[in-house]
Amino acid sequence: MPDAAAVAVVSTFTTWQAGRQASLPIKKKDPKQSSKLHLMIRLHVHHDKLQSRFPPAMLFGGWAYLVKSPVFLLSFVVKLIGLLCLLPDALPSQDILALLEFKKGIKHDPTGFVLESWNDESIDFNGCPSSWNGIMCNGGNVAAVVLDNLGLSADADLSVFSNLTMLVKLSIANNSISGKLPDNLGEFKSLEYLDISDNLFFSSLPSEIGKLVSLKNLSLAGNNFSGSIPDAISGLASIRSLDMSRNSFLGRYRRL
């Protein structure tokens, strides 16, 4: 049997506590604090499970985990190097960039032969866009550009073709293409066939034309070239066919 005095003390304390709680203002629970507390309890209770299912990098910052995990760090570095090695192949080659630069000068292409074919969607990332109309490849390099008889109207900057280091043939005859023979013509080291006949090219011939040591066929006929024929043209050591008729050159030349 409990002591009567003890029962009285407990009863008095219970009554006092009930009265105190009744006198306190009622506070609404903050849902944010409740959710935070609930999350903390869950994290604490399931700490071991979280560590086993999720790497600390996901919970407490990736770099600290990478430093503490040599295997993961090594795997990351190997994959990064692989991506960097593939990056050059994912970029257009200088051959492609040169062709796209030439395309910018085309004002009218009645058949769409160039404008509908030479586009970013059909780029081949092996260095040579073999699927483009008028383009022939040798391995990963452009070997020939043939755009004859297409009715193209363009302002051509032929200097861009010096970036085609393996270009053997450039033929754009019978169009309405205007421009000049570039001063860097001597950089076309591999060029063997050049036909720009029946177009609207003008100006005089650059002395660099004599540096086309590999050139075998040259046709400038039917343009608006003028001035004297440079003596440097005698440097065409490999030439077999030469036609500069129907221009406004001063003097005479021996047609081959």
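## What counts as touching

Two residues are in contact when they have heavy atoms within 4.5 Å. Keep that in mind as you look around this predicted model.

Take Phe161 as a starting point. Skip its neighbours within four places in sequence, and Phe161 is in contact with Leu99, Phe102, Val145, Leu167, Leu170 and Phe188.

## The nonpolar core

Phe161 also shows up in the largest nonpolar core, which has 47 residues. Within that core, Phe161 and Val145 are the ones that touch the most other members.

Which elements give two or more residues to this core? They are the helix α7 (94–103) and the strand β3 (141–146). The largest share comes from α7, with five residues.

## A look at Asn119

Now hop over to the loop between β1 (106–108) and β2 (135–138), where you'll find Asn119. Its side chain reaches the backbone oxygen of Glu116, at 3.1 Å. Beyond four places in sequence, Asn119 is in contact with Lys103 and Trp132.

## How far to trust it

So how confident is the predictor? The chain averages a pLDDT of 77, and 61% of the residues score at least 70.

Two stretches call for some care. Over residues 18–28, pLDDT stays under 50, and the model has zero contacts for them beyond four places in sequence. Residues 56–60 also stay under 50, with four such contacts in the model. Where pLDDT is low, the predicted coordinates shouldn't be read in detail.

Notes
Residues numbered from 1 in each chain as written. Predicted model: local features only at pLDDT ≥ 70, side-chain atom pairs only at ≥ 80, totals over all residues. Heavy atoms only, no water. pLDDT = per-residue confidence, 0-100. Helix = DSSP H or I, 4+ residues; strand = E, 2+ residues; numbered from the N terminus. Polar contact = N/O pair within 3.5 Å; in protein donor to acceptor, adjacent residues only side chain to side chain. Core = buried A, V, L, I, M, F, W, Y, C linked by side-chain atoms within 4.5 Å. Buried < 20%, exposed > 50% of the residue type's maximum accessible area, 1.4 Å probe, protein only.
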